[in-house]
Amino acid sequence: MSWTLQRQPQQMVRTSTSRRLLTIVCMLTLALAILGGTAVTYRVRAAQAATPSAGNFLVDQDHNLQFSQNKQNEPAITRDPLTGVLIAGANDEIKEPLCSGTTIPLASPCPFAPGVPISAFYRSIDNGTTWTGDFLPGFDTIGRVSGGDPSLDYGPRLCPNGTFNFSCGATIYYASLADPFPEFGGEQVTLSRSYDDGLTWANPVAATSTDNKSNFDDHEWIAVDHFSGSPHFGRVYLNWAVFCNTCSGNGNVKLYVAHSDDEGRTWSKAVQVSAANNNTPQGFRETGQMAVSSKGTVEVFWTENADSTKLPSLQVVAISTDGGQTFSAPITIAQVTDYPLRGTPFDVVDLFNRVPGMSARVDCYPHPASDPSSKRVYVVWCDFSGGHGVVKGAVSLDGIKWTQLGTIASVSGRNAFFPEASVAPNGTVSLTFDALTKPPANNPFQTGVQVYDNYFAESAPGGTAFGGPIRISTASSNPDGSSYNNLQEQFIGDYIGIVAGPTSAYLVWTDARNATPCQAVDDYRNAVYAGSKTAVAPNPDSACPTSFGNTDTEAAIMNY
C-alpha cells in the first residue's frame, strides 16, 4: 500500500496482520444521574493492573524506516454503522525525505519538504485487527497539499430525492488541514468524503471562508447530525480556530462554525462563536471540539481564559438550536486546572502546557460525546488540581445546565491526559486516555525516564459510575523517543481517538513503544534548554538508532 506523510509533528498508523484479538468485559456497578445542573455523587474504582487480554494492533505502515518517515500522530477514528468497517486517520510523514542535516545553530535538521502530503487514512474490515491505507487524494485540484489534523465522522447518504437516509448508505467524512504553495498563512480546513468506507475518496472541498495571508485556520473538528428525528438530520458541521499568523502568542484566537447540507460540497458562511481577543493576564482561548445532540442541538466547546494570571480557566460551551445559524454566549461548564504552562525547562523553546515528566505539549481542553439513546451530551477533560492529573467530566440534557461528574478516571502514580469519550447506541459511555508516570517531586520535569500507557474506562448510561481504568497498551511508551522535526522537544500530537459501536469500543492512540531515545538528541535538547544559541542539531538518521522517533498508531477493541 502507499503512504504519505507531511509537516509538523504529526503521525500515522501501521497495520498488523498476525496479532490475535482478545476481549475484555468490564463489569460495572452503575447508577443513573438526575440531570439538573447539580453535582452527582458516585465512586471511581482504582486503576486495574495491565490486562494481557487487550490486543494491540498496529495501524500504520512505516516498517523500519528512519526519522521522520517513521512518525505518525493525532489518530482519529469512526465506524460505518451499516457495515462495521472502521476508518481511521492520522498525521503521517512516511513520504517525507530523510533528514538533510544542518550546520546552522538551532535550525531543523529534518525540514518538511514542500508539496508532501500528511493526511493519511486507514481502514479495517476485520474489526480492527488488520489495517490498510493511503493518503487523501485530490488536494492538487484546489492548489494545496494535505496538512493533517484529522477529524472523522459518519452520516446518512444523500439520496437521489434530495433527502438524507441511511437506507441509501452511509457517508464517511474526513476533515483535514490544507496548506498552500508556498506555505505562509492561508492554511485552510477541507472536507473529503467517501461512499465506500474509505476505499475511494472524493476530492477535498475548501470548507472555511476565513483564511488569508495574515491568518490561518487550525484545530478543526467535524460533527454530523446522525439522528433521524432531528430537524437537521444529515447536516455536516465544522468547527475551527483562526490564528493570527504574525501575532505573538495566542492572543487573537477566534472560533468559527460552518455547515453543509449537501455532504460537504458547499458550505455556509462561517459563524463566529467566540469573542475575538485575549491577552496574557486575561488568558488565552484553547480550542476544543464539538458535538451534535440527538435533538439536533449543536454544541461547541473550548477553554476560556486558559492559563490566565488573574482569571479562572473555564471549560465553556456555545450552543445552537437553529442548525448552526446562531449561537449562544459561552456557558460555563466547570473550572479547570491545566498542566503547567510556565516555569518549565522548555520555556526557552516555546510556551505549551506540559505534563510533568515530558517536554511534549498537552492541553486540557474539553472533548464532547453525544448520546444516541438520549438527549445527553457528555464532555471530558484532564485536570491537574492538587498536583495529580485526572479525567473529569460533566453531562447535560440541553447544553445549558450541566451536571458535574467529578473525577471519572484516576491512575495512582500517573498523570492523565488526552481523554476522549464516545457513547454506544444503548447509552454505554466509553472513555480512553493516556497517563504518564509521575517524576520525582524534587525533579518535576525530569525527562527520558517517565513512560505512558493508554487506558480505558466505562460507565452505564448517565456516566455516574465509571469502572476503574484498565490499562490497554500492552507495552509502555517513553516519550523521549518521540520528537518534533527540529528535535528540540518530544512530540506525540494533541489528541487520540475512540468510537463506540453496538458491542465494542474501538480505540486508537499515538504509541512510542518502538521509539528509541537518542543520546545525541538528548544532549542537543539539554543544550537548548540551558539557553545555548550556538547548539547545532545532530542528524538523527546518522547519529541515532533507526527507531528514534518511531511513533505509531496502535488500535485496540474493548467489548462491553
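## Buried sites, a cavity and a pocket in a predicted model

Asp262 is found in the loop between β13 (254-260) and β14 (271-272). The structure is a predicted model. Because its relative accessibility is 19%, and buried means under 20%, Asp262 counts as buried. Along the chain, Asp262 and Phe164 are 98 residues apart, while their C-alpha atoms are separated by 9.3 Å.

### The chain as a whole

The protein chain contains 2 helices and 29 strands. Its length is 560 residues, and 65% of them count as buried. The accessible surface of the protein chain is about 18700 Å², and carbon and sulfur atoms account for 53% of that area. Contacts between residues at least 6 apart in sequence were also sorted by separation: 67% of them join residues at least 24 apart. Asp262 and Phe164, at 98 residues apart along the chain, give one pair of positions for which a C-alpha separation is available. Thr553 and Thr510 give another, being 43 residues apart in sequence.

### Two buried threonines

Thr208 sits in the loop between β10 (205-206) and β11 (215-224). Which residues does Thr208 touch, not counting those up to four places away in sequence? They are Gln188, Val189, Asp217 and Trp240. With Val189 there is also a polar approach: a polar atom of the Thr208 side chain lies 3.4 Å from the backbone nitrogen of Val189. Thr208 has a relative accessible area of 7% and is therefore buried.

Thr553 belongs to a strand, β29 (residues 552-559). The relative accessible area of Thr553 is 0%, so this residue is buried. In space, Thr553 and Thr510 are 4.8 Å apart, C-alpha to C-alpha.

The table sets the relative accessibility of several residues beside their place in the chain.

| Residue | Place | Relative accessibility | Class |
|---|---|---|---|
| Asp262 | loop between β13 and β14 | 19% | buried |
| Thr208 | loop between β10 and β11 | 7% | buried |
| Thr553 | strand β29 | 0% | buried |
| Glu74 | strand β3 | 1% | buried |
| Asn127 | loop between β5 and β6 | 28% | partly exposed |

### Backbone geometry

Some backbone angles deserve a separate note. The peptide bond that runs from Phe67 to Ser68 is cis, its omega being near 0°. Ser68 is placed in the loop between β2 (57-60) and β3 (72-79).

Glu74 lies in strand β3. Although Glu74 is not a glycine, its phi is positive, at about 55°. Is Glu74 buried or exposed? Its relative accessibility is 1%, so Glu74 counts as buried.

Asn127 is a residue other than glycine whose phi is also positive, near 70°. This residue is found in the loop between β5 (119-124) and β6 (132-135). At 28% relative accessibility, Asn127 counts as partly exposed, because that class covers the range between the buried limit of 20% and the exposed limit of 50%.

### The cavity

Rolling a probe the size of a water molecule over the atoms shows where empty space is left. With a threshold of 30 Å³ or more, the count comes to 1 cavity. The volume of the largest cavity is about 40 Å³. Which residues line the largest cavity? The lining consists of Tyr378, Val379, Val380, Leu405, Ile408, Ala421, Val429 and Phe466. By class, these are 8 nonpolar residues, with no polar and no charged ones. At least two lining residues come from each of β20 (377-383) and β22 (403-409). Strand β20 gives the most to this lining, with 3 residues.

### The second largest pocket

The second largest pocket holds about 710 Å³ of space. It is lined by 35 residues, of which Asp153, Tyr154, His226, Ser422 and Val499 are the closest to its centre. Several elements give two or more residues to the lining: β3, β7 (145-158), β11, β15 (284-292), β19 (367-370), β23 (414-423) and β27 (497-500). The lining divides into 24 nonpolar, 8 polar and 3 charged residues. For the largest cavity, the corresponding division is 8 nonpolar, no polar and no charged.

Strand β3 thus appears in two contexts: it is among the elements that line the second largest pocket, and Glu74 lies in it.

Terms used: Residues are numbered from 1 along each chain as its sequence is written. This is a predicted model: local features need pLDDT of at least 70, side-chain atom pairs count only at pLDDT 80 or more; totals for chains, interfaces and linings use all residues. Side-chain values use heavy atoms; hydrogens and water are left out. On a 1 Å grid over the protein atoms alone, a cavity is a set of points where a 1.4 Å probe fits but cannot get out, and a pocket is an open set with protein on both sides within 12 Å along at least five of seven lines; lining residues have an atom within 4 Å of a point. Grid points are joined across faces, edges and corners, and a volume is the space filled by probe spheres set on the points. Helices (H or I, at least four residues) and strands (E, at least two) are DSSP runs, numbered from the N terminus. Ala, Val, Leu, Ile, Met, Phe, Trp, Tyr, Cys and Pro count as nonpolar, Asp, Glu, Lys and Arg as charged, and the others, Gly among them, as polar. Buried means under 20% relative accessible area, exposed over 50%, partly exposed in between (1.4 Å probe, protein chains only). Contact means heavy atoms within 4.5 Å. Accessible areas come from the Shrake-Rupley method with a 1.4 Å probe; for residues, only the protein chains shown count as cover. A polar contact is a pair of N or O atoms within 3.5 Å; within protein, one must be able to donate a hydrogen and the other to accept it, and residues adjacent in sequence count only if both atoms are side-chain atoms.
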